[in-house]
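Q: Please take me through this structure term by term, and for each one explain how the value compares with the definition behind it.

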Amino acid sequence: MAEILLKNACVIDPISGINGELMDIAISGSRIVEDASLQAEVIDCQGFLTLPGGIDSHTHTSGTKVNFGRYMSPEDMRAGRTSKKGHMHITSGYSVPTTYGNSYRYSALGYTTLVEGAMAPLEARHTHEEFKFTPLQDSFANTLFDGNWGMLRALEDGDIKRAAAIVAWTLTAVKGFAIKLTNPGGTEAWGFGKNVSCINQRIPTFDLTPAEIIKGAIRANEMLHLPHSVHLHCNNLGTPGNFTCTIGTFGHVPDLNDKRQSLYATHVQFHSYGGSGWGDFCSKSEPVANMVNFRPQIVIDMGQVMFGRTTTMTADGPMEFNLYRLHHDKWSNHDVELETGSGIIPVNYRKKNLVNSIMWAIGLELALLVKNPWQCMLTTDSPNGAPFVKYPEIIALLMSKRYRDLEFATVHQDTEKRVPLPAIDRELDWHDIAVMTRAGQARALGITDLGKGYLSPGAEADIAIYPLRIDEIDPSADYEKVIQGFSQTEYTIKRGRVVSRRGDAIIDGENTTFWVKPKVPAAYDMQHDTAFQELFERYYSIRMSNYPVQEEYLHRNHCIETETDL
Ligand SMILES: [Zn+2]
């Protein structure tokens, strides 16, 4: 087996309790080992910052929504063209790049694992096809259940075990990883041109409230012992005053798992808004962050907005319709039968725009006000808040008050009266950043058992080496060096092979798709359940037998089997 010895690495590995130690790391085959033999290839890390490979716990790189974003924005495709170079295919696109564009750019930033934030089960094949051509990162798919009629009927009947069985069947069928709820109840109502405005409102089509759907899904999730918790996009995204809905939702979350959170709330920036309309729109990051600080069963990600052009895409169809009514630009709406919905809109976040400036501040505030970095992951909900290539700038903003103040001086002048950001002095350190970009993700996703997110022997050899000497750089003052250092690794190592070198992919990748198969007893196997079969026959446009994605269809894959309480 090929061996590599990384010498003089300055390692920050929060899960193993290593914080800035100068050490060697031995790799044999795909794993980190105690020692390498004399035959090992030696790489001198020159004291550079060495972290576990980056993990993006919520991004949109693959599937029908992303692809629709590509072809509705030819101007975006023209913005990011690169030509063929060595092992690298041509790429194009800025906010919604081609699959190879996503893969190479993430790899240059040191990322080795990606979670697609929202896979519509009925369109799973498309997602898996694009995973195959995102070769430098392992893939996981959050699977949309917000409008799943089978699950909603079971919850309506108060039958959590049946809801869990339907989740188990569906995840196994579509090779998904976790339960994703997007605007639960609202996305389902959108199929009938409606939405919901509060977590305790009855939804139009089932005798359920969003709160009941969320609580039921959390219990079903824990019954199946899924690695990850329920992954929630709260109701009322992007609406002034929505912070009360977000806090109300967090208040309903039980603490059911001692290894990880019971709820992962995504892109919370879009859910921390005050005001009664756009006129008095303001930040409510403080009460939201306080709620997270008091509830260890919740992990959030930022959903940071950065200025410039991007593309919004979400399963939250009604929200995108509201956004369309504000912008009157291009809009795509797609309703996925009995399961979920979606919408896509290109946007341009501008510093001259007061609302956009407040949104920018809120994401940073959440990361700075949540005390425990293990509870707040660094994301842009790429590309919704900004394309992921902005991550180095966000890291620098979190590490430097001076940089934040300089940027703040350039945004809309009324922002100051509406946000607490200028009064926050906290500066995150290198360890915090390592938690918020890899270790925290691994723990929140429940994938440390797969060897993800740490660097001690036994771990997968997914490693990012950045040209940063942390003993020589003061991130508070040298924010430009921080941006530069995190923009391009010296080496990105994926499963024991150097895949990127100074921004260029140097070999063809070999990724793996991870999916979950809960082991359910025969009585709960939906494959043979007549009522479930009938649901398909009556309402789906596709036969139940044609629905599952065959394992052979996946490129390389790893099935995570779980014991269940059914
Ligand atoms: Zn998302």
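A: A good place to begin is the second largest pocket, where strand S24 (residues 557-563) contributes the most to the lining, with four residues. The model is a predicted one, in which local features need pLDDT of at least 70 and side-chain atom pairs count only at pLDDT 80 or more, while totals for chains, interfaces and linings use all residues. Residues are numbered from 1 along each chain as its sequence is written, and side-chain values use heavy atoms, with hydrogens and water left out.

Q: What makes S24 a strand, and which residues lie nearest the centre of the second largest pocket?
A: Strands (E, at least two residues) and helices (H or I, at least four) are DSSP runs numbered from the N terminus, and S24 covers residues 557-563. The pocket that S24 helps to line has 18 lining residues, and Leu-226, Pro-227, Lys-259, Gly-446 and Asp-449 lie nearest its centre.

Q: What makes a space a pocket or a cavity, and how many cavities of 30 Å³ or more are there?
A: On a 1 Å grid over the protein atoms alone, a cavity is a set of points where a 1.4 Å probe fits but cannot get out, whereas a pocket is an open set with protein on both sides within 12 Å along at least five of seven lines; lining residues have an atom within 4 Å of a point. The structure holds seven cavities of 30 Å³ or more, and the largest cavity has a volume of about 90 Å³. Its lining has 16 residues, with Gly-63, Thr-64, Lys-65, Ala-118 and Ala-120 nearest the centre. The largest pocket has a volume of about 680 Å³; it is lined by 33 residues, and Gly-238, Trp-278, Leu-323, Leu-326 and His-327 are the closest to its centre. Helix H11 (317-327) is among the elements giving two or more residues to that lining, and H11 supplies the largest share, seven residues. About 490 Å³ of space lies in the second largest pocket.

Q: What makes His-58, His-60 and Asp-381 donors of the zinc ion?
A: Donors are N, O and S atoms within 2.8 Å of the metal (3.2 Å for Na, K and Ca), and water is not among the atoms, so sites may look incomplete. NE2 of His-58, NE2 of His-60 and OD of Asp-381 lie 2.1 to 2.2 Å from the zinc ion, and each therefore qualifies. Along the chain the donors follow the spacing H-x1-H-x320-D. His-58 lies in strand S6 (residues 54-59) and Asp-381 in the loop between strand S18 (376-377) and helix H13 (391-399), so the pair ties together parts that are 323 residues apart in sequence.

Q: Why are some of these residues called buried, and others exposed?
A: Buried means under 20% relative accessible area, exposed over 50%, and partly exposed in between (1.4 Å probe, protein chains only). His-58, with 0%, is therefore buried, and Asp-381, at 3%, is buried as well. Cys-559, at 26%, falls in the partly exposed range.

Q: How do you know that the end-to-end distance of helix H6 agrees with its number of residues?
A: The expected span of a helix is 1.5 Å times one less than its number of residues. For the 15 residues of H6 (residues 160-174) that gives 21 Å, and the end C-alpha atoms are 21 Å apart, so the two agree. H6 is also mostly covered, since 13 of its 15 residues are buried.

Q: How many disulfides are counted, and why is Cys-10 not bonded to Cys-45?
A: A disulfide is a pair of cysteine sulfur atoms within 2.5 Å, and by this rule the count is zero. The closest cysteine sulfur to that of Cys-10 is in Cys-45, 10 Å away, which is too far for a bond. Cys-10 counts as buried, at 7% relative accessibility.

Q: What makes the backbone at Lys-175, His-267 and Pro-383 worth a look?
A: Most residues other than glycine have a negative phi, and most peptide bonds are trans. Lys-175, which follows H6, has a positive phi near 60 degrees, and His-267 has a positive phi near 35 degrees. His-267 is found in the loop between strand S11 (263-265) and strand S12 (273-274). The peptide bond joining Ser-382 and Pro-383 is cis, with omega about 0 degrees, and Pro-383 lies in the loop between S18 and H13.

Key: Points joined across faces, edges and corners; volume = space filled by probe spheres on them.
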